[in-house]
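Reader: Could you show me how to read the empty spaces in a protein model? I would like to start with pockets and then turn to cavities.

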Amino acid sequence: MTDLSPEHASTLARLLAQVAAASAAEDLRAIGREALEKGGVVADLLASIPTLPPAERKGAGQAANRIKAELEAAIDARKRELEDGALLASRKVEGFDATLRAPRVERGALHPITQVVRELEDLFTSMGFEVLDGPEIELDWYNFEALNIPRDHPARDMQDTFRCDPAGELVLRTHTSPVQVRAMEKRRPPIRAIAPGKVFRQETTDASHEHTFHQMEGLVVDEDVSVGHLIHTMKTLLRGVFGKDIEVRLRPGYFPFVEPGFELDARCPFCKSGCSVCKQSTWIELLPCGMVHENVLRAGGIDPAKYSGFAFGLGLSRLVMLRYGIDDVRHLLSGDARFLRQFHRIG
Ligand code: DAH
């Protein structure tokens, strides 16, 4: 290390002594300033370099750097000492005991619905679908009217809802299907979209009914879309969820916004000859779906003469219950930590 002249060595020693004696961060800052700023020892040394004979310049520069480095290191160390001292003092006051057990930090986990939604989003985006969102407080138009369910239609009785305004124009959405129309309004075919989310119904709650539950809507609109495409997509969905090929069957199902409409049943993934999940039938009713009704295409601004589409409304809550063997839908939104703790898997 560079030797300092006796004069510089004693300046440095004086500064280091000041640092050691400092009792506050401001004092340390002042000592630093005094040495490094104009008029200070380091600044002076550097300023003097051009006036020195060339042979001495290097030595002067190195001396300045050494003083600066030693001083800064001492200031940092003293600063830390002061901070530690303050911490210890405050611990003394508070009665700190290093032998006490630290409070246990509970590690959270994703809700089982979130876990399944994320898996489904991965699966569908890999097939070129977009993931859409829609409002939970919806206009009567999107929730019913545009889906071919006019005011006096008996199908409204199946989805009694909560009205949010005296005129009855705003409802809590009873299904995710309104996102279909919103999606069509803003896009031109080809459209491929899913829309997971919460839906609400005026229900008497029991183990399989809850006023708030989750669905996932799916919509595909393009030229020449057929029931074949629908079946293929549903089988891909089921393979993704259950990890194996699942046989399906279609039964006619009535929903005003599809024609034809189907109930797609899946062969029970849990048994071969009947169990409590499939109520001994080996089939599970899982996926209402169908070909988008031409009135719905029109409501979305799409020409039914040119385009066709399919849609499905997956009962997410039900699917999650099936997958994890949950016997009461009310557990899902209970917020009960004992229930949630069983799904500790960061997914
Ligand atoms: N929205 C319907 C319901 O909640 C479910 C449904 C049926 C959605 C058929 C669809 C469909 O997209 O094609 O009961």
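**Pockets and cavities**

Author: Happy to. This is a predicted model, and the lining of its largest pocket divides by class into 24 nonpolar, 15 polar and 9 charged residues.

Reader: How much space lies in the largest pocket, and which residues lie nearest its centre?

Author: Here is the general idea: rolling a probe the size of a water molecule over the atoms shows where empty space is left. In this case the largest pocket holds about 1400 Å³ of space. Its lining counts 48 residues, and F213, E285, L286, G315 and R318 lie nearest the centre.

Reader: Which element gives the most to that lining?

Author: That is β8, with 7 residues. At least two lining residues also come from each of β5, β7 (258–267), β9 (308–315) and α10 (316–324).

Reader: What is the volume of the second largest pocket?

Author: About 180 Å³. Its lining has 14 residues, with R192, V220, V225, H229 and F310 closest to the centre. By class, 8 are nonpolar, 3 polar and 3 charged. β4, β5 and α8 (227–242) each supply at least two of them.

Reader: And how many cavities of 30 Å³ or more does the structure hold?

Author: Just 1. A cavity differs from a pocket because the probe fits inside but cannot get out. The volume here is about 40 Å³. Among the residues lining this cavity are L132, V179, A193, I194 and E217, and α7 (178–186), β4 (191–200) and β5 (212–222) each supply at least two.

Reader: What classes make up that lining?

Author: There are 7 nonpolar, 2 polar and 1 charged residues around the cavity.

Methods
Residues are numbered from 1 along each chain as its sequence is written. This is a predicted model: local features need pLDDT of at least 70, side-chain atom pairs count only at pLDDT 80 or more; totals for chains, interfaces and linings use all residues. Side-chain values use heavy atoms; hydrogens and water are left out. On a 1 Å grid over the protein atoms alone, a cavity is a set of points where a 1.4 Å probe fits but cannot get out, and a pocket is an open set with protein on both sides within 12 Å along at least five of seven lines; lining residues have an atom within 4 Å of a point. Grid points are joined across faces, edges and corners, and a volume is the space filled by probe spheres set on the points. Helices (H or I, at least four residues) and strands (E, at least two) are DSSP runs, numbered from the N terminus. Ala, Val, Leu, Ile, Met, Phe, Trp, Tyr, Cys and Pro count as nonpolar, Asp, Glu, Lys and Arg as charged, and the others, Gly among them, as polar.
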